[in-house]
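Biologist: Please take a close look at one part of this model, the ligand and what surrounds it. Then add a few residues elsewhere for contrast.

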Amino acid sequence: MIDAQAVFSAVSAAEAVERTRTAFLRHHAGEWVMPAKTYVDAPPHGDFRAMPARGGGVAILKWVTSFPGNPSRGLPVVAGALLVSSAETGELLAILDCGAVTSLRTGAAAAVSAQALARDDAASVGLIGCGVNGGWAARCLAAVGYSEGVCADPRPESADALATELGWRTGTREEAAAQDVVVAVTPGHEPVILVSDLRPGQHLAVLGADAHGKAEVELDAIVRCRLFCDEWEQASKGGELSTGVSAGAIERSQVTDLGAVLAGDAPGRTSAEEITLFDSTGLAIQDLGIALAVLEATPNVPR
Ligand SMILES: NC(=O)c1ccc[n+]([C@@H]2O[C@H](COP(=O)([O-])OP(=O)(O)OC[C@H]3O[C@@H](n4cnc5c(N)ncnc54)[C@H](O)[C@@H]3O)[C@@H](O)[C@H]2O)c1
């Protein structure tokens, strides 16, 4: 059993970014495989997801929640366990705290997307939603060199604590949405990036809408962006883009998988003026990347 503290001790934010980039590349190359995640609704409280993947000699299954009302009960939105088994013998090797793995790989995806798609001169981050996973997005962006940021959250204590930790500042939603890289990690109940916020050359990384019916960006704003996602099958059914896909406003040909950009098989940003949007729904291969890093750093785990 590897608890949250041990996971965070084993993998730094900077290493999480590298492991997450590797995961996107291995998946794009067909070396790491995963079926789309399966949702089990638990209305009106939230949902469970089962997320399997195989690669690097192991297979994983993450059983994880999104219960958006949990913070008011003093409980995390995201919780569960991640099983790691040998892909050679099927033996169960380890059980990892899944909240910690999720935070590292979710935050890291925002940073990988910014490194690949933001303008070379992008310097500032606006973070909308400074909870658990927003915090790790900020830490991962800081770890890859973003030293200026604006933290916005209706809970001022969350924004204050994060801004103090990273040497960023707090601000309004509008201020955060005006930065070079804008990251949204809210529960996805209402749009937090509006068409009126858009500025030429921005990069948007939207991570909060990870199930159908959630949205953080106005549809009119989405269709003005050059679109990228973590994986089309998953993102088109249960992510920021899925409402637009259902409405016929977004087609497959308009959306590029991030792994293809990282591998050099598809273009990323094509001009300094265009606005890029990365829709993260969270992939099991990202969890696999972090789980492998944890196993490598943990003594006495059989491989
Ligand atoms: N894409 C992924 O891989 C991935 C991974 C984990 C979680 N998520 C999703 O991210 C979302 C957030 O998860 P979390 O664990 O960080 O939750 P959390 O409750 O810890 O954080 C959410 C934060 O958003 C803030 N918020 C709420 N409404 C807001 C608004 N209108 N403007 C600005 N901030 C607002 C809340 O005050 C809170 O601080 C959930 O929807 C979750 O399902 C996505």
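Modeller: A residue is called buried when its relative accessible area is under 20%. Exposed means over 50%, and partly exposed lies in between. The model is predicted.

Start with the ligand. The ligand sits in the largest pocket. Around the ligand there are 29 residues. Ser-66, Arg-105, Asn-133, Asp-153 and Arg-155 come nearest. By class, this shell holds eleven nonpolar residues, twelve polar ones and six charged ones. Two helices stand out as contributors. Helix H3, residues 98–117, supplies at least two residues of the shell. Helix H4, residues 132–143, likewise supplies at least two.

Now the polar atoms. Val-132 takes part through its backbone: one of its polar backbone atoms is 2.9 Å from an oxygen atom of the ligand. Glu-190 uses its side chain, where an N or O atom is 2.9 Å from a nitrogen atom of the ligand. The side chain of Lys-214 has an N or O atom 2.8 Å from an oxygen atom of the ligand. As for cover, the ligand taken alone exposes 860 Å², and the protein buries 90% of that.

Next, a second lysine. Lys-62 belongs to strand S3, residues 58–66. Its relative accessibility is 1%, so Lys-62 counts as buried. The cut-off for that class is under 20%. The side chain of Lys-62 has a partner: a polar contact of 2.9 Å joins it to the side chain of Asp-287.

Two alanines fill the other accessibility classes. Ala-6 lies in helix H1, residues 4–10. Ala-6 counts as partly exposed because its relative accessibility is 33%. Along the chain, Ala-6 and Leu-96 are 90 residues apart. In space, their C-alpha atoms are separated by 9.1 Å.

Ala-247 is in a loop. That loop runs between helix H9, residues 242–246, and strand S12, residues 255–257. With a relative accessibility of 58%, Ala-247 counts as exposed, because the class begins over 50%. Ala-247 and Glu-274 are 27 residues apart along the chain, and 24 Å separates their C-alpha atoms.

To recap the requested part: the ligand occupies the largest pocket, and the protein buries 90% of the area that the ligand exposes when taken alone. Side-chain atoms of Glu-190 and Lys-214 pair with ligand atoms, as does a backbone atom of Val-132.

Methods. Residues numbered from 1 in each chain as written. Predicted model: local features only at pLDDT ≥ 70, side-chain atom pairs only at ≥ 80, totals over all residues. Heavy atoms only, no water. Helix = DSSP H or I, 4+ residues; strand = E, 2+ residues; numbered from the N terminus. Buried < 20%, exposed > 50% of the residue type's maximum accessible area, 1.4 Å probe, protein only. Near = heavy atom within 4 Å. Polar contact = N/O pair within 3.5 Å; in protein donor to acceptor, adjacent residues only side chain to side chain. Areas by Shrake-Rupley, 256 points an atom, 1.4 Å probe, with all protein chains shown as cover. 1 Å grid on protein atoms, 1.4 Å probe; cavity = no way out; pocket = protein on both sides within 12 Å on 5 of 7 lines; lining within 4 Å. Sits in = over half its atoms within 2 Å of the grid points. Nonpolar A, V, L, I, M, F, W, Y, C, P; charged D, E, K, R; others polar.
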